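Here are a few exercises to work through with the model open in your viewer. Try each task before reading its solution.

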Amino acid sequence: MSEQPPAVEFRSVTKVFGKGADRHVALDGIDLRIEKGEIFGVIGYSGAGKSTLVRLINALERPTSGTIEVGGAPITGTSEAGVRRLRREIGMVFQQFNLFRSRTAAGNIEYPLKVAGWKRAERKARVAELLEFVGLTDKARSYPDQLSGGQKQRVGIARALATSPALLLADESTSALDPETTAEVLRLLKKINRELGVTIVVITHEMDVIRAVADRVAVLAEGRIVELSSTFDVFANPQATPTRSFVATVLHDRPSDTELARLRDKHGGRMVTVDIDDERGLGAALAAATRADVRFEVVFGGVSTLQDKTFGSVTLALHGSDDAVDEVAAALDRRERNSGAH
Ligand SMILES: Nc1ncnc2c1ncn2[C@@H]1O[C@H](COP(=O)(O)OP(=O)(O)OP(=O)(O)O)[C@@H](O)[C@H]1O
């Protein structure tokens, strides 16, 4: 049996804008494989190259060097007709919805079907099905100005799905929405992935969005992928500096340097931060501390669950003789890759 081609594959892709003094490398040597059926997150700060990456996938931009394949077919060097075929396989969801204000919800969803040459009766049936899928049957005749932000985005998503694309690109699709509406739209993206088998690429600068939907995530910084891993690993064990900053915006289980100084003043003793996970028992290490006559206070911490697994960390103040504290701190340190004595 031949291996399934990935949904998207980038090989050594570089994108340079401008020339001479205006030359700017927006993407620099990107190797990326997004599998069919996954929700893949791309996170980065403003200017990291996220939109450029999306525009390369749907051939709105061409790479300066390297190759890109979508669904196993090369898109670099394809004809205009080839690009049009490719775009039919890709749905786009935008931050600002991009709906026609002069068309109803149903009219907006119908538009790509008209462009694709569908017959009227088939269009009507498909629009009804899509409205039901996104929970907006009762808003079919409403105009965008009569809809809330979340409803507008659901129309945008239904429109993107109209011609049954295999791949959906969601570029900052929730950035204009409040947290509750964001959660609702993200639930819809998950439903599309699970029920329709659509591969979804979610572009965002918000780690909460990644946490809520992504199976895997690539962290983009200054045009390079600095980390690529399962969402759980990125949260539980972030490696690159930008990844750590993103994770810190969502998880507050580790004290900042200022908090640590305050805790040290307040509690005294030796501060140690230890990771918690399902496999390794913190309890055993602490029982050993008690046996060594080292007293501990839990002074900071937090535990989270993600993809049904538990992770987090606690910061302890250890009190006892220097030798015993050294030994316990070292034992705690050995337990975990990430723990640190401060
Ligand atoms: N058409 C263009 N011409 C020149 N420079 C560009 C062009 N498009 C993007 N860039 C530059 O490439 C870099 C990456 O831009 P890109 O829009 O991909 O980043 P981003 O991560 O999507 O940022 P944001 O979240 O602000 O949209 C930026 O420095 C940007 O100024």
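**Exercise 1.** How many bridges join β6 to strand β7, and do the two run parallel or antiparallel?

*Solution.* Keep in mind that this is a predicted model. Start with the pair itself: β6 and β7 (residues 167-171) run parallel, joined by four bridges. Next, pick out one facing pair: V93 sits opposite A170 of β7. Then check the two faces of β6 (residues 90-93). I90 and M92 lie on one side, G91 and V93 on the other, and all of them are buried. Buried here takes 20 or more other C-beta atoms within 10 Å of the residue's own, so both faces of β6 count as covered.

**Exercise 2.** Place β6 in its sheet: in what order do the six strands come?

*Solution.* Walk across the open sheet and you get β6-β7-β8-β3-β9-β10, with mixed pairing. Now look at the edges: β6 and β10 (224-230) each have a single partner strand, so one side of each lacks a neighbour in the sheet. As for twist, neighbouring strands are turned by 15° against each other on average, direction ignored.

**Exercise 3.** Go to the β10 edge: what pairs with β10 there, and in which sense?

*Solution.* Strand β9 (residues 216-221) does, in the antiparallel sense and over six bridges. One of the partnerships to find is L220 with I225 in β10. Then bring in the helix: α9 (residues 241-250) packs on the sheet and touches β3 (39-44), β9 and β10. The direction of α9 makes about 115° with that of β9.

**Exercise 4.** Describe the shell around the ligand: which residues come nearest?

*Solution.* Of the 13 residues around the ligand, the nearest are F17, A26, S46, S51 and T52. Sort by element next: β2 (24-34) and α1 (50-57) are the ones giving two or more residues, and α1 gives the most, with three. Finally, sort by class: nine residues of the shell are polar, three nonpolar and one charged.

**Exercise 5.** Zoom out: how many helices and strands does the protein chain have?

*Solution.* Count twelve helices and 14 strands. The C-alpha trace spans about 80 × 50 × 50 Å along its principal axes, and 38% of the 342 residues are buried. For contacts with a separation of 6 or more, 68% come from residues 24 or more positions apart. Last, the record: an unreviewed UniProt entry annotates residues 8-247 as "domain: ABC transporter". That stretch is 39% helix and 26% strand, with its end C-alpha atoms 26 Å apart.

Methods
Residues numbered from 1 in each chain as written. Predicted model: local features only at pLDDT ≥ 70, side-chain atom pairs only at ≥ 80, totals over all residues. Buried ≥ 20, exposed ≤ 12 C-beta atoms within 10 Å, placed from the backbone. Contact = placed C-beta atoms within 7 Å. Near = placed C-beta within 6 Å. Nonpolar A, V, L, I, M, F, W, Y, C, P; charged D, E, K, R; others polar. Pairing = 2+ DSSP bridges. UniProt positions renumbered as here; feature names shortened; annotations may be inferred. Axes fitted to C-alpha atoms, helices over the stretch in contact; angles between N-to-C directions.
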